[in-house]
Amino acid sequence: MMPALPIQSSATTEECLHLGRLIVLTGPSGVGKGTLMRSLLERHPELYYSVSVTTRSPRPGEIDGKNYYFISRSKFEQLVAEGEFLEWAEFAGNYYGTPREAVLNQIHSGKLVVLEIELEGARQIRASFPSALSIFILPPSFDELEKRIRFRAQDSEEAIARRLLRAQEEIQAADEFDIQIVNDDFETALNDIEMVLFK
Ligand SMILES: Nc1ncnc2c1ncn2[C@@H]1O[C@H](COP(=O)(O)OP(=O)(O)OP(=O)(O)O)[C@@H](O)[C@H]1O
Ligand SMILES: Nc1nc2c(ncn2[C@@H]2O[C@H](COP(=O)(O)O)[C@@H](O)[C@H]2O)c(=O)[nH]1
């Protein structure tokens, strides 16, 4: 591993990436990104998972600082204005963003950093960090995606409709990303991701 160096003010964020590696996991809502991510972290605790900031209300069981940092819209807008996000987007009526400083510090110390984010944010990362590796997770079918969102039973009917509408657009963008993995059989998809990250 590279020695940990202080971040030089002259170093661009892209230059910092040479010390570590940035991985983007994206795909439509309900495809299983979060579930894959949790298993990946259990198997590989050396990975750094970036906890995002959101204006969405916590779901039952979600913990502030673990699943997300839950903040108000006005506070989020203030953080945007202050340049605190590496990327951010509005998704299904809420804001989501990746904290810049924490991620860059981890990359700089040589960690493999994984972001689990939606399409617009993933596009922003691809534009600002061309050396990031992007993985798009696809459902085996649209019907199965809908079943998974409903089975999760954590969104209102209106939120489910918004997410499914957005999912159609997101799936069409799969080819923009470096790797496409179908999450049909869970273990197979997890192994496929591991092959990409650790081969
Ligand atoms: N391979 C799979 N087969 C069947 N069900 C799965 C599979 N992978 C995940 N699921 C289930 O699908 C549901 C949605 O998964 P998850 O919440 O991880 O999706 P997500 O992509 O993170 O969604 P979001 O982007 O909205 O956070 C969960 O109930 C999860 O257990
Ligand atoms: N652009 C970003 N998207 C993010 C971030 N954190 C999560 N997400 C994505 O938002 C949707 C909805 O998430 P949910 O928890 O409300 O179901 C999903 O696709 C996440 O991957 C982020 O920091 N930036």
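User: Let's start with strand pairing. Which residue is the bridge partner of W88 in β6?

Analyst: The general idea is that strands of a sheet pair through backbone hydrogen bonds, either parallel or antiparallel. Here, W88 has G97 as its bridge partner in β6. One thing to keep in mind throughout: this is a predicted model.

User: Got it. How many bridges join β5 to β6, and in what sense do the strands run?

Analyst: Six bridges join them, and β5 and strand β6 (residues 94-99) run antiparallel. You can follow the ladder along, since A89 has Y96 as its bridge partner in β6. At the turn of this hairpin, two residues sit between the strands, and A92 takes a positive phi near 50°.

User: What does β6 do with strand β3?

Analyst: β3 (residues 52-54) also pairs with β6 in the antiparallel sense, over two bridges. In that pairing, G97 of β6 is the bridge partner of V53. Put that beside the W88 pair and you'll see G97 named again, as the partner of W88.

User: So how do I read the whole sheet? What is the order of its four strands?

Analyst: Read the strands across the sheet rather than along the sequence. The order is β4-β3-β6-β5, the sheet is open, and the pairing is mixed. β4 (68-70) and β5 (85-91) have a single partner strand each, so they stand at the edges and one side of each lacks a neighbour in the sheet. From one strand to the next, the twist averages 25°.

User: How many residues of β6 are buried, and which helix lies across β5 and β6?

Analyst: β6 is mostly covered, with six of its six residues buried. The helix is α4 (residues 100-108), which lies across β5 and β6 and runs at about 35° to β6.

User: Now the other sheet. What is the order of its five strands, and how do they pair?

Analyst: This open sheet goes β2-β7-β1-β8-β9, and the pairing is parallel. The edges belong to β2 (48-49) and β9; each has a single partner strand, so one side of each is left without a neighbour in the sheet.

User: Can you walk me through the bridges inside it?

Analyst: Sure. Five bridges join β1 to β7, which run parallel, and I23 has V114 as its bridge partner in β7. On to β8: strand β1 (residues 21-26) pairs with β8 in the parallel sense over four bridges, with V24 standing opposite S134. Next, β8 and strand β9 (residues 179-182) pair in the parallel sense, again over four bridges, and Q180 in β9 is the bridge partner of F136. As for helices, α5 (residues 119-128) lies across β1, β7 and β8, running at about 155° to β1.

User: How do I read the faces of a strand? Which residues of β8 are on each side?

Analyst: In a regular strand the side chains alternate between the two faces of the sheet. For β8, L133, I135 and I137 are on one side, S134, F136 and L138 are on the other, and all are buried. That fits with β8 (residues 133-138) being mostly covered, six of its six residues being buried.

User: Now single residues. Is L115 buried or exposed?

Analyst: Buried means under 20% relative accessible area. L115 has 1%, so it counts as buried. L115 sits in strand β7 (residues 112-116). Beyond its neighbours within four places in sequence, the contacts of L115 include L22, I23, V24 and I125.

User: And E170, is that residue buried or exposed?

Analyst: E170 is buried too, with a relative accessible area of 1%. E170 lies in helix α7. Leaving aside neighbours within four places in sequence, E170 contacts G27, P28, S29, F91, E118, L119 and F136. E170 and L119 are 51 residues apart in sequence but 6.3 Å apart in space, C-alpha to C-alpha.

User: Last one: at roughly what angle do the axes of α6 and α7 cross?

Analyst: The axes of α6 (residues 142-152) and α7 (residues 157-172) cross at roughly 150° and come within 11 Å. That angle makes α6 roughly antiparallel to α7. The crossing is right-handed. Among the residues making the contact are F142, L145 and I149 of α6, and I160, L164 and I171 of α7. The full set divides into seven nonpolar, one polar and five charged.

Terms used:
Residues are numbered from 1 along each chain as its sequence is written. Chains are lettered from A and ligands numbered from 1 in the order in which they are written. This is a predicted model: local features need pLDDT of at least 70, side-chain atom pairs count only at pLDDT 80 or more; totals for chains, interfaces and linings use all residues. Side-chain values use heavy atoms; hydrogens and water are left out. Axes are lines fitted to C-alpha atoms, for helices over the stretch in contact, and angles run from 0 to 180 degrees between N-to-C directions. Angles under 35 degrees count as roughly parallel, over 145 as roughly antiparallel, 65 to 115 as roughly perpendicular and the rest as oblique. A crossing is left-handed if the near helix is turned anticlockwise from the far one by less than a right angle, and right-handed if clockwise. Contact means heavy atoms within 4.5 Å. Ala, Val, Leu, Ile, Met, Phe, Trp, Tyr, Cys and Pro count as nonpolar, Asp, Glu, Lys and Arg as charged, and the others, Gly among them, as polar. Buried means under 20% relative accessible area, exposed over 50%, partly exposed in between (1.4 Å probe, protein chains only). Two strands pair if DSSP finds at least two bridges between them.
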